[in-house]
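The following exercises concern strand pairing and helix packing. Each task is followed by a solution in steps.

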Amino acid sequence: MGCMLIDPSQKYRPYKPLNLVGRTWPTKTFVKAPIWLSTDLRDGNQALANPMTGDQKLAFFRLLVKCGFKEIEIAYPAASDTDFSFVRYLIEHDEIPDDVWIQVLTPAREDLIRRTFEAVAGAKHVIIHMYNATCAMFRNVVFKNSKEQTIDLAVYHTNLVRELTDQYAASHSTAFRYEYSPETFSQTEVEFSVAICEAVKGAWGKAGTENRRIIFNLPATVEVGPPNHYADQIEYFCTHISEREKVVVSLHPHNDRGTGIAAAELAVLAGADRIEGCLFGNGERTGNVDLVNLALNLYTQGIKPNLDFSDIQCIIDIVTQCNDLPVHPRHPYAGELVFTAFSGSHQDAIKKGFEEQAQCHARNLANTEAQIWDMPYLPLDPADLGCTYEAVIRVNSQSGKGGIAYLVKQQLNLDLPRKMQVAFYQIIQAISDREAREVTVEDIKTAFRNTYHFGGPKYEGRLALRSFSITAEPSPEPSDNDETVDERRRFDGTISVGGMLRVIRGEGNGPISALLNALHTHLDIDLTVREYSEHTIGDGQTAKAASYIELVATTDNIKETRGASQSWWGVGVDSDIAASGLRAVLSAVNNAIGDRPLPELKLNIGFGSATGQADVANAIVNSLKLQLPRRLQAAFFEVVQRVARDSGGQISYEDLTKLFEETYGYETSKPYHFELRSFDFERTTTPGRRQIAAELLVDGEVRRVSGEGNGPLSAALAALHTQIQGTLCPSGSIPNTP
């Protein structure tokens, strides 16, 4: 088992401070962005457990170009055929913009330097980056070289680089720049670093101004001291190297002590011109300095960083896919939780800050003044990174005991989409504010079920799905070519509307749009899908589908509809994926309609109407639970058609039920000519014959009647024949004639 020392000075030595008299960097401030070089494809890639594939490197390169990098270290081409081939691909497929310099790394070895030049043949702008280690440990332990031998090594190979740049410039019209790194600079005697760079500059012999400046890259290969020490080293170098105007002083900080950002920023104040690093700080051990962090630090100070991270989530997605490394939730500017306020006092301060800023910006706009961002706890406007306040701040403003979304997933097996997390968080926040107490797990589960009408009949909303069928309908627009015509989908279903079962029908390009069309047609509910997602709960035969849908009010302007500020979320779970989506629709619709009155559902009867005999029969099944025989369906449909003519071809479900009851005297209080009060059946002495003795109310008068027949129905008809003129018979039989 490990044990930290009581006296670590017996094992570790402190760094040796640099006696820099008259240092100037502590009093300086930032005025412009440095030159940026991304080394994600080289230094970042070599640090990955699984280096990027060619496709991943290409995607990453395109991302860097899109972000605005003008210098990109793309490979160590002599290290492997994979890196060599990648460099060739970029060149031969014209992937490198004319204003971008590619950089390639090589150690001070002749065979590797020559291979490196073979890789970049034909490129337009190339930085050759050569290095050799210079600190005492490497000189004495690794290479067994003196200072003089170390300088000779660098000079000899710089001469080779110079010769090859002349050769390839002449044969391929390539513009070359030269970068030299005294590797392990942060551990090298600063005087020796200056001396070896002077010798390299002399051997190069081509240092000039502008793009002809030689680049001296001074890496904190291992961060061994505090950031102020690195700044002292850089200022010493900048003030002691000759022909400073012909030199680009470049930084390559690592993050072993966790101060890579501070070291880079202080070193820029000390005179550095350029920074090499990676997006989100990937790199060996604790990583290279994070260029996103550095650039956005400048941005929040009002300094143009010359890099564009307007769609930070897209950048995160590509980087994490290529590196197979996550961005930490607390990572500056990029983590999921960086704008999150868990504390109520923080949230209150942010809320008040937004209110005050809105008023201030309105005044500034009227006075044509700058609309300065000045908010509690938020040094940067999330919108500048392509995020909304709700999606970034509120989504992550989850409960203090693990997060509302986490609890919903654990308790209900529902993995809510990010925007739905925001919407539900607002519900929980309202409960917390109203109850003035801790919101428990049971509170969250109950609130979720009530809000989204989820979890069975107890939580049903005004609209609930009872049954449905989805059928394919040919497209109404025939195609003149050989392309397959998309089929439309038709929804036929029974829904509960305020406890009453109703049949609705609609069409669309899928089950969800067909249901929305049905709701619009029958209930004047006009909503559009803005977001939909789904996932599986469980596996095997017990697996179910969980669907989530966001609906917005439909407008004539598609862009306005998609950008609506108000929306309603719903969730549905079912073993059938189509049913899951339909239940999610009704869940969201219930939230959208609230308590507003709904139009009375009516059936359209008449010529050209989609409502038929079966729809009328289904309505009677839903309202009275009566399965009508087919001939009775036809007869009643004729009755309905006659009545509907007087009401514009429409009849409500309530009027339809009443019409049936009145037409057939079914469970109605209205008096009729004949009403059955009581009856009794008896068998007769004749085999197969039955006799009925009944008490009827005939036009208000009680009468006792009897009749005999082959069964209950014929016996009842025989009894009625004693009270009427004419003959009654069951449908399909022929009455006897006298």
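**Exercise 1.** Across which strands does helix α10 (residues 291–299) lie, and at about what angle does it run to β1?

*Solution.* The coordinates come from a predicted model. Helix α10 lies across β1 and β8. Relative to β1, helix α10 runs at about 160°. A second helix may be treated likewise: α4 (residues 110–120) lies across β3 (101–107), β4 (125–133) and β5 (175–183), and runs at about 160° to β3.

**Exercise 2.** Determine how β8 is joined to β1 and to β7.

*Solution.* Begin with strand β1 (residues 35–38), which pairs with β8 in the parallel sense over 4 bridges. Within this pairing, Ser38 has Gly277 of β8 as its bridge partner. Turn next to strand β7 (residues 247–253), which runs parallel to β8 and is joined to it by 2 bridges. Here Ser250 stands opposite Arg274 in β8. Between β7 and β8 the chain passes through helix α9 (residues 260–269), in a right-handed β-α-β crossover.

**Exercise 3.** Place these pairings in the overall strand order.

*Solution.* Strand β6 (residues 214–220) pairs with β7 in the parallel sense over 7 bridges; Ile215 has Val248 in β7 as its bridge partner. In full, 8 strands close into a barrel with parallel pairing, in the order β1-β2-β3-β4-β5-β6-β7-β8. From one strand to the next, the twist averages 25°.

**Exercise 4.** Which residues of strand β8 (residues 274–277) point one way, and which the other?

*Solution.* In a regular strand, side chains alternate between the two faces of the sheet. In β8, Arg274 and Glu276 point one way, whereas Ile275 and Gly277 point the other way. All of these residues are buried, that is, under 20% relative accessible area.

Notes: Residues numbered from 1 in each chain as written. Predicted model: local features only at pLDDT ≥ 70, side-chain atom pairs only at ≥ 80, totals over all residues. Heavy atoms only, no water. Buried < 20%, exposed > 50% of the residue type's maximum accessible area, 1.4 Å probe, protein only. Pairing = 2+ DSSP bridges. Right-handed = clockwise from strand over helix to strand, strands pointing away. Axes fitted to C-alpha atoms, helices over the stretch in contact; angles between N-to-C directions. Contact = heavy atoms within 4.5 Å.
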